[in-house]
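Me: I am new to this one and would like to learn how its labels are earned. Could you show it to me and take my questions in turn?

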Amino acid sequence: MTPAGPGASSAQATALQAGLFDFALGELVRQHRTSFPPLWTTESWAKLMIWLALNCGADGSREGLEAFAAAIGPHATARMRRLFFERELEEVNLKLMADPAEAQVLALPLEPAGGEGGLAADTLSAALEQVGLAQQVSTDPHSWVRHDSAVAIPWTRLASPS
């Protein structure tokens, strides 16, 4: 990629700004997603969004927070939420997608592996414990549903949709 210099087009500059914005939002979410307990809840997600809004100059009123959410837009908000509720555990070749608005946690291998690979029951149980999900999902492998290389793990608590 060539740097945007004085002769760079407006479209190039806009694309670079959009890329920077997307990168910065992603990094903020990744760095602060464990800062707002209780983890793996819609309450934690809401706290992150309020923290972001206040740090961006929104007032704490309902209208101010709604204006902030509208300014971010649904696409960026959806991407941020996905990042907030995902964990990639490279050491065990595992990706966890655990949005409490979904009926179950989804575990996927990061890279294809022969057999169960990184999705063996003991590996999954250890990963759930490592990220703080073990108390909120079924740790009984018999309740898990396997779909090819993915594993669906039911929540043990009621998830509130958001």
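Reply: Gladly! Let's start with Asp 99, which sits in the loop between β2 (94-97) and β3 (104-109). Strands are DSSP runs of E with at least two residues, helices are runs of H or I with at least four residues, and both are numbered from the N terminus. This is a predicted model, in which local features need pLDDT of at least 70 and side-chain atom pairs count only at pLDDT 80 or more, while totals for chains, interfaces and linings use all residues. Residues are numbered from 1 along each chain as its sequence is written, and side-chain values use heavy atoms, with hydrogens and water left out.

Me: Why is Asp 99 called buried?

Reply: Buried means under 20% relative accessible area, exposed means over 50%, and partly exposed is in between (1.4 Å probe, protein chains only). Asp 99 has a relative accessible area of 15%, so it counts as buried.

Me: Which residues does Asp 99 touch, leaving out those up to four places away in sequence?

Reply: They are Arg 81, Phe 85 and Trp 155. Contact here means heavy atoms within 4.5 Å.

Me: What makes Arg 81 and Asp 99 a salt bridge?

Reply: The term asks for a side-chain nitrogen of Lys or Arg within 4 Å of a carboxyl oxygen of Asp or Glu. In this pair the closest N and O atoms are 2.7 Å apart, so the label fits. Arg 81 belongs to helix α4 (residues 74-84) and Asp 99 to the loop between β2 and β3, so the pair ties together parts that are 18 residues apart in sequence. Arg 81 is buried too, because its relative accessible area is 11%.

Me: How many salt bridges does a search of the whole structure find?

Reply: It finds eight. In one of them, the side chains of Glu 43 and Lys 47 meet at 3.3 Å, N to O. Both residues lie in helix α2 (residues 42-55), four residues apart, about one turn of the helix.

Me: Are Glu 43 and Lys 47 buried, partly exposed or exposed?

Reply: With a relative accessible area of 44%, Glu 43 is partly exposed. Lys 47 has 30%, so it is partly exposed as well.

Me: What makes Lys 95 and Glu 86 a salt bridge?

Reply: Their side chains come to 3.8 Å, N to O, so they satisfy the cut-off. Salt bridges that share partners join Arg 82, Glu 86, Glu 88 and Lys 95 into one network. Lys 95 and Glu 86 are both buried.
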